[in-house]
Amino acid sequence: MGTSIKIQLLVLAVFFSSYVNSKNEFSFPQKNGNQGLSDKPVVLKFDAEKANINLGSTQFVEDDRLISNQGVSLKSGVSSAIDGERAEADLVFKVKVPQAGRYVMTTYAFTDAEGAELMGKATSKYESLFIRIQIDDQRPTKRVVYVPWDAKKQISGKFEFSGNEQQLKIWLPRGVILDYVQLASYVPPVVPEIAKDYQPTILPPAGHPRLWVNKQSLSKVKSRLEVGENIKEWWNIKKTALIPYVFEFDLDEEMSYNSELERVAEKKAFYYLMTNDEEIGKEAVQLMIDYLSVVEFGNILDITRELGRAIYYGSLVYDWCYDLLTEEEKQSLYNSLMRLADDMEIGWPPFKQSVLTGHGNEMQVSRDLLALSIAIYDEDPTPYKYTSYRVLEELVPMRNWQYQSPRHNQGVNYGAYRSACDMHAAWLFYRMSGKPVFDDNIKGLPTHWLYMRLPDGQMLRDGDGFNAGKPGEFYYWSQAQTMLLYYTYNNDPILKAEFLRQGGLNNNPVMFLLLNDPELLPESSLESLPLTIDFGPILGSMVARTGWNMGMNSNDVVAEIKGGGYHFGNHQHSDAGSIQIYYRGFQVADLGLYGFYGPPYDFNFHKRSISHSMMLARDPEEKFGNTESNDGGTRFNQRHPNTPEIAKTDPWFSNGKVVSADFGPSKLRPFFSYFDVDLVGAYSSKIAAYNRRFCFLNLDRDDIPAAIILIDDMTTANPKFKKYWQINTHNLPETTNNGVILKNERMKLQGKTHVEMLIPTKSKRELEILSGTDANSSFEFKYEIPGRIAHLNHPEGNGHRIMISPKAANSQDQFLTVFQLTNGDTEPLPISHHETRVGYVVYLSDRVVSINKGNDLIGEKFSLKVPDGEYQVLLAGMKPGNWNIKSADEEVKLNANVMVGKNTIFFVAKKGEYTIAPGRLVDAKDLLTDQDFKPGKK
């Protein structure tokens, strides 16, 4: 028997014996923090300069950034020893805590010139600076002391102290000046009274398995293993499961997580579940027992994701191999899993973070702790009581309300990941109990990612994230796990095809076999989906497109407008009212790149309104939280509402109100898409009134595929608050007599956007274009892109901002702008327009578009002229109710009904003057919408 194996057995024997009670039975105690510690928190501060320092390696440093102006760093030329290269510590503190128990250790440090250079070049959290910590002769550990986004305070973790005098030894990295170390008694999260007495309505069933399958669904999963596309994955799992996995470790050395081992243990446990091969099942159990007894995760950023994954896989082994577990093995796994649960970001009990937004809304509760609590329910029901409370009573009600809009508030990237977390909870409860716990509207959420897809494979930008490939190359953005969870839950062939386009889930064959129905055939065509989507009341927005053609040579236009509904903080940007336009590349774009959460570049530029194509109005006295800049945009919200009622009643969370949203006449392939949003609620009180009206026209032409009419009507509380009409783009724009020309290209196919501002006229406005580093700014403040992402050279990091302002200071200003998307050097179509008493009328190609002006819908009679030929006429901004349309020669008499929330009338007319009036005509026909009147079918 090898030495490492002997040590394992000895440790396990000691570990087990500590949990044997007087009746020689095993117990399953609850973690409850520092048992026996006083309720009064203890905080102890240890200044670095007062420690016993190693004079051979360490020096005192004078620095006025430090609390006592003095700290400690390594000497010049001395190498760091954080991996044990030097036995003698650099600093040793003598520590005696008033009572034995767990204490939270925090370090405070700064970088010197060497460290600042290292952090400036860092491209990931793994390039953080680490210290080595050892208490007496216990096993040393490495912990982060400084991070690339410059935070002097780092929580090292929780450590046990005996109450006797002990030595706290620290080895420093190069580049760091240590200021002091702090110890504070650990206080676990408080369990709300309502959760203490909670009685879950859905309980784990008797017996195992319970995770992903129960006794009823197990046979279905087994029956599909060797059917169709499943057989390949099943044989891959079988191959891995039958090969012994060698795992050796040394108790004197810290062991980091091992994702390969976790996957192997999962596959072996799954193989046992499917075949009852006890030898493989016992190997899975032993692997997980050994691994969980020694693994350490440290304090690197977001490590709770990896930590939670270990809990999840350990829970799968516990549940799937339950019949093989001895009482001792149950106890060992239980203790290890609860030890790890205690180190989760959300804490244990799991009430340290919200489950609605942020890291608490990720896998921590919805997968990891929920799986743990289901697996160990017979031995300890309390974890299930807490986790089911947080999911069923907090998360589910909020999502049922939010998902009235089939769009995730955390954007394309974080939204895809966090919705997958919701879906883990949905699936775990459903497969355990046979009952769905979420409203069926959760099934509509994947439309978010279908409609955000661009012809080059990327996505419209939305929130924080990484959804861009190399410039000019086809890059298919992928979150395949999310698609797997949804297409199987929905039994949706279109989503299954999308899952396959995203590459499938080769790295998680177990989940694939648990959920995939091989008899569900994928449907690759998206032609059954409407080209326009109105995302509804919670996250107001509209995406309109001219087609579903993917590829770098696609001629399709995709455009989006946001605004209305609610703001939920965190990764959601301050972008109410913003627009994006794609045609052979981004024409109107978001700027900014996501590197780290919260540095000046992120909070002052990337997440802010100024990096988006939207209206700004600067009140010189306005503050946006703790940020230094004032960009004139919408409020900066980093909070989230805890309930739907709070969101609806607290104006802080308002993101404006959708007034109108409609498209047609065909609901599948519309000629027009119209969106009107009242955005006053998204801004501070500096804005008295503001509506943005967006009309997308599918022109059904190859040379000029689409046009957009954009109307902004903004009134500020003070005429001195300067307004900025802003659009952003990736390539240097060309100025013209009437506006600007934007351009981009894919596969040497150039697309242009001719932007013609009709109101205010050129003589009444001023234009400024900021480019490159000047564009990465918020007025007087410039921001440098973090090194983590600067090297990527994405165009969002080096774009251009076009800002147009009225020359005169007015309380109210109106902007009427037309965008035409043209193939290369195609000349744009002529535009004419005029203003009536009630609105603006724009003539373009074979279209006549009337849109209301001011803040009120049109409720009175007005007239409209149609030129020679046959024209599509859109009347937008109409008050709901009965209307009639009558030509001057009375050859045309039509009655129309304007629907609430749509506010449009569409009809085809020939030359003449038409009167549009409220009410019905007795002798008129009803205006009927021809659903087959659509682009390509005139």
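**Exercise 1. The loop between α3 and α4**

Find the loop between α3 (193–196) and α4 (215–224) in this predicted model, and work out what is special about the backbone at Pro209 and at Trp212.

*Solution.*
- Step 1: Begin with Pro209, which is found in the loop between α3 and α4. Look at the peptide bond that joins His208 and Pro209: this bond is cis, with omega of about 5°.
- Step 2: Move along to Trp212, which is found in the loop between α3 and α4 as well. Trp212 is not a glycine, yet its phi is positive, about 70°.
- Step 3: Now check the accessibility of Trp212. Its relative accessible area is 0%, and buried means under 20%, so Trp212 is buried.

**Exercise 2. Another proline, in a sheet**

Which residue is joined to Pro665 by a cis peptide bond, and in which loop does Pro665 lie? Then follow the strands beside that loop into their sheet.

*Solution.*
- Step 1: The partner is Gly664, and omega of the cis bond is about 0°.
- Step 2: Pro665 sits in the loop between β18 (657–664) and β19 (672–678).
- Step 3: Both strands belong to an open sheet of eight strands, ordered β18-β19-β20-β21-β30-β25-β24-β23, with antiparallel pairing. At its edges stand β18 and β23 (734–735); each has a single partner strand, so one side of each has no neighbour in the sheet.
- Step 4: Look at one pair in detail. β19 and strand β20 (residues 687–698) run antiparallel and are joined by seven bridges. To place the register, take Asp678: its bridge partner in β20 is Asn691.

**Exercise 3. The mixed sheet**

What is the strand order of the open sheet with mixed pairing, and which strands are its edges?

*Solution.*
- Step 1: Eight strands make up this sheet, in the order β31-β32-β33-β34-β37-β35-β36-β38.
- Step 2: The edge strands are β31 (831–835) and β38 (925–926), each of which pairs on one side only.
- Step 3: Go inside the sheet to strand β35 (residues 881–887) and strand β36 (residues 893–898). They pair in the antiparallel sense over six bridges. Here Lys886 has Lys893 of β36 as its bridge partner.
- Step 4: Continue into the loop between β36 and β37 (904–918), where Asn903 lies. Asn903 is not a glycine but has a positive phi of about 65°. With a relative accessible area of 2%, Asn903 is buried.

**Exercise 4. The surroundings of Val838**

Is Val838 buried or exposed, and which residues beyond its sequence neighbours does Val838 contact?

*Solution.*
- Step 1: Locate Val838 in the loop between β31 and β32 (839–844).
- Step 2: Its relative accessibility is 8%; the buried class is under 20%, so Val838 is buried.
- Step 3: Leave aside neighbours within four places in sequence. Val838 is then in contact with Asn852, Lys853, Ile858, Glu860 and Phe862.
- Step 4: For a long-range comparison, take Phe130. The two residues are 708 apart in sequence, and their C-alpha atoms are 66 Å apart in space.

**Exercise 5. A helix pair**

How do helix α6 (residues 259–275) and helix α7 (residues 278–294) cross?

*Solution.*
- Step 1: Two packed helices are described by the angle and the distance between their axes.
- Step 2: Here the axes come within 8 Å and cross at roughly 150°. Angles over 145 degrees count as roughly antiparallel, so α6 is roughly antiparallel to α7.
- Step 3: The crossing of α6 past α7 is left-handed.
- Step 4: Turn to the contact residues. On α6 they include Leu261, Val264, Ala265 and Tyr272; on α7 they include Ile280, Ala284, Leu287 and Tyr291.

**Exercise 6. A buried asparagine and two cysteines**

Which residues does Asn413 touch, and how many disulfides does the whole structure have?

*Solution.*
- Step 1: Asn413 lies in helix α12 (residues 411–433). Its relative accessible area is 11%, so Asn413 is buried.
- Step 2: Not counting residues up to four places away in sequence, Asn413 touches Asp464, Gly465, Phe466, Asn467, Trp477 and Gln479.
- Step 3: Now the cysteines. Cys321 is buried at 0% relative accessibility, and Cys421 is buried at 0% too.
- Step 4: A search of the whole structure gives zero disulfides.

Note on methods: Residues numbered from 1 in each chain as written. Predicted model: local features only at pLDDT ≥ 70, side-chain atom pairs only at ≥ 80, totals over all residues. Heavy atoms only, no water. Pairing = 2+ DSSP bridges. Helix = DSSP H or I, 4+ residues; strand = E, 2+ residues; numbered from the N terminus. Disulfide = S-S within 2.5 Å. Buried < 20%, exposed > 50% of the residue type's maximum accessible area, 1.4 Å probe, protein only. Axes fitted to C-alpha atoms, helices over the stretch in contact; angles between N-to-C directions. Parallel < 35°, antiparallel > 145°, perpendicular 65-115°, else oblique. Left-handed = near helix turned anticlockwise from the far one by under 90°. Contact = heavy atoms within 4.5 Å.
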